[in-house]
Structures are given as structure tokens and as C-alpha cells.
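Open the model in your viewer and keep the sequence beside it. We will go from stop to stop, selecting as we go.

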Amino acid sequence: MHDVIIIGAGPAGLSAAFWCDELGLDTLVLEQAGEIGGQLHRVYNPINNYLGLKARNGRELLEHFSTGVDEAGFDLWTGAEIESIDVRAKRISLRSGERLQSIAIVLASGVRPRTLDIPGEREFAGKGMIESATRDRDLFAGEDVCVVGGGDAAVENALLLADVCPTVTVVHRGKKLRARREFVERLQPNHAVTVFTESVLTRIIGDERVEAVEIMRRDGLKPFQLAVRGVLIRIGVEPNTELVRDQLGVDQQGYITVTAQQETNVPMVFAAGDVSNPAAPTIAGATGAGATAAKVIAARLNAQRIHG
Ligand SMILES: Cc1cc2nc3c(=O)[nH]c(=O)nc-3n(C[C@H](O)[C@H](O)[C@H](O)COP(=O)(O)OP(=O)(O)OC[C@H]3O[C@@H](n4cnc5c(N)ncnc54)[C@H](O)[C@@H]3O)c2cc1C
């Protein structure tokens, strides 16, 4: 029996874990990946917006965040595959057979990039699929590329690629790009960039690596193929809530709804970080929410232990 089980070791889960430890709670962190850090591994741009710390990228910030993990009093299991969570009973079963029990749970499982689920998307991972323009643009310099999406991330990546690629084709299913005006204004005079709105990518084609994409206009015309060597998909994120979605209050997209104390609609089940913050996901927000959850749990447990 643990006081607290924290699910996810990104900024929110790590912050909750350090706080729980400091507040004297018996804490176990379950992280499904082989290493801690969550989305910080995918941040290739400098981070200048976390108070008091500047980092060249997410990994550098993670070095700061993981200081003291080894000496901390909480247990941390990486590679932990959760089979099921019974939120009311606070019981967690792992694929490896362990059955775990706690008094409180903190869900800090974050978000993952949305995928198109089209042929070629998985097959060409590492063979023409671009993970990030900041990281990969030198690899794709001189190549024709395609960017899928119409939000800030898609357009910002398209602009970065347009500095080094002869053509950048942006494919967006909506009528208008959703990105902030400043990005869209920089896109328009850029001769390298062509934007197809009301269009979807239906296939990524190639032999050993990406050679072309198939684009379908939503006006019902026949799909056409476009020769490209790289494809970058930025169509948003979705919350990692499959294990609890039907047991907890969630919004239409599956994000967990919480009180100002980070508590869900089930007592002593908390959620922190991006998994419960679709409006303003940030590292600072995640670490703050993790701290809030830990402090509220400690106060509740102390009150219970004193009064009965
Ligand atoms: C390219 C990029 C750039 C960004 N730039 C900035 C920036 O400049 N400033 C800023 O403030 N924010 C930035 N962000 C956002 C920031 O990274 C997130 O807000 C932050 O990482 C959220 O932390 P989190 O702990 O809530 O979730 P995550 O970082 O998503 O971590 C969740 C963790 O939970 C684990 N997990 C998921 N499901 C399970 C499960 N079933 N069992 C066990 N573990 C599970 C995941 O493996 C992961 O380790 C950026 C994000 C990206 C992708």
C-alpha cells in the first residue's frame, strides 16, 4: 500500500513526486517509457519561458528537473505498462502481473501527437518522416517536403523548412489556416510555400523511403500525387486518458476535468499537467499543478491521520 501512485514522469509527475517526497508521503511513480521526461524529449527549440532557467532544448531542462531523482525517497518504475486502473478502489494492475494499491492517485500522463493513421505514416518513421524542423531541417535541405496541419506548430515548422527546402507544400483540411496571424503573414510572400486548404493527405508513398504523398481535395476531385522526400505531421495532440476515460469526468476531447485543487470528480484522484489542461499546456503549468496535487493530498492525509 502506497500513499500516492503517480502515473507519468514528465514535468507534472516529477514535480508531484518531489513534493510528495518532501511532504513525507510514500510515493511510487509509474512511467511507461524507458526514461523520464515526457514531452521534454521532443522539444528541440530553446526554452526561454521557464522562470529562472534557460535551456538549449527540452533535454537540457530535463537535466535540471532530474537532479536528485536517484537520491529522492520516492520509487520510480520506468517501462511500467499499466493494464488497468480502478480509480474508485485506487487499484492498479500492471501487464507484468503486479497489483498495486494506494490511497491517492495523480494522473500525469500528458498528451501525445495526433496521428493521421494513413498508409505509410508508421512505415516511413525515420525514412523521410520529419520529427521537427528545428532538429531535422539540415537533413532535408534541398529536398521538396510536405507539412500537414494548419495550426501554429505546422506553420512555424513550414516556415523553418522553407528557409532550406525548394518547395514546402502545406496540406490543411480546414478552410483557413488556424495559425497566429504573424506566422500566416510570413507564409504568404514565401515563394517556396504552397498551401492546399480543404485537403487531406491519404497516403505516403515510397519504396525504401518517402518518395511522394497522395493528396485529396475535399471538393471531390480525384486524389493526386506530389513528389516529396519529407513529410512532417503537426495536427495537434490528444490526451493519454484511455485507461480512465470511462471512470472520470472528461471533456469532449478526453481531457480530465479538475477542480482548482487538481482533484477529479473521484475523491483522492488528481490530475496534473497537460492531461487536464487543454487550454494552456506549459512546463510551468505542469510543474505547478503537480505541486498543487501533492500539497492537497498531504494535507488530506495528515488531517485523516490526526482525526481518525
Ligand atoms: C515541440 C514542443 C515544444 C514545446 N515548447 C515548450 C516551451 O517552450 N515552453 C513550455 O512551457 N512548454 C513547451 N512545450 C509543452 C511542454 O513540453 C508540456 O506542457 C509539458 O511537457 C507537460 O508535462 P506533463 O508532465 O503534463 O506531460 P508530458 O510531458 O506529456 O509527460 C507525460 C508522461 O506520462 C507518461 N505516460 C503516458 N501514459 C502513461 C501510462 N499509461 N502509464 C505510465 N506513464 C504514462 C508519458 O510517457 C510521459 O513521460 C512544448 C512541447 C513540445 C512538443
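Select Ile6 and look across to β8: Val106 stands opposite. This is a predicted model. Now widen the selection to both strands. β1 covers residues 2–7 and β8 covers residues 99–107; 5 bridges join them, and they run parallel.

Stay on β8 and add β7, residues 91–94. These two strands pair in the antiparallel sense, over 3 bridges. Pick Ser93 to see one pairing: its bridge partner in β8 is Arg99. Then look at the turn. The hairpin of β7 and β8 has 4 residues between the strands. Which residue there takes a positive phi? Click Gly97: its phi is near 110°.

β8 has another partner to show. Select β18, residues 269–271, which pairs with β8 in the parallel sense over 3 bridges. Leu107 is a good handle here, as its bridge partner in β18 is Ala271.

**Next stop: two helices**

Select α1, residues 11–22, and α6, residues 283–307. Their axes come within 7 Å and cross at roughly 35°. The crossing is right-handed. Show side chains on both helices. From α1, the contact takes in Pro11, Ala12, Ser15, Ala16, Trp19 and Cys20. Facing them in α6 are Ile283, Ala286, Thr287, Gly290, Ala291, Ala294 and Lys295. What classes of residue make up this contact? Colour by class and you will find 9 nonpolar, 3 polar and 1 charged.

**Next stop: a parallel sheet**

Select β10, β11, β12 and β16. These 4 strands form an open sheet with parallel pairing, in the order β12-β11-β10-β16. Why do β12 and β16 each have one side without a neighbour in the sheet? β12 (193–196) and β16 (230–233) stand at the edges, and each has a single partner strand, so one side of each is left free of a neighbour in the sheet. Look along the sheet for its twist, which averages 20° from one strand to the next.

Zoom to one edge. β11, residues 168–171, pairs with β12 in the parallel sense over 4 bridges. Select Val171 in this pair; its bridge partner in β12 is Phe196. Then add α4, residues 152–162. This helix packs on the sheet and touches β10 (145–148), β11, β12 and β16. The direction of α4 makes about 165° with that of β10.

**Next stop: cysteines**

How many disulfides does the whole structure hold? A search finds 0. Select Cys146 to check: the nearest cysteine sulfur belongs to Cys165 and is 11 Å away. Cys146 counts as buried because its relative accessibility is 0%. Turn to Cys165, which is in no disulfide either. Is Cys165 buried or exposed? Cys165 is buried, with a relative accessible area of 4%.

**Last stop: an antiparallel sheet**

Select β13, β14 and β15. These 3 strands make an open sheet in the order β13-β14-β15, with antiparallel pairing. β13 (199–206) and β15 (224–227) stand at the edges. Each has a single partner strand, so one side of each lacks a neighbour in the sheet. Here the twist averages 30° from one strand to the next.

Finish on β14, residues 210–217. 4 bridges join β14 to β15, and the two run antiparallel. Click Glu214, then its bridge partner in β15, Gln225.

How values were computed: Residues numbered from 1 in each chain as written. Predicted model: local features only at pLDDT ≥ 70, side-chain atom pairs only at ≥ 80, totals over all residues. Heavy atoms only, no water. Pairing = 2+ DSSP bridges. Axes fitted to C-alpha atoms, helices over the stretch in contact; angles between N-to-C directions. Contact = heavy atoms within 4.5 Å. Disulfide = S-S within 2.5 Å. Buried < 20%, exposed > 50% of the residue type's maximum accessible area, 1.4 Å probe, protein only. Left-handed = near helix turned anticlockwise from the far one by under 90°. Nonpolar A, V, L, I, M, F, W, Y, C, P; charged D, E, K, R; others polar.
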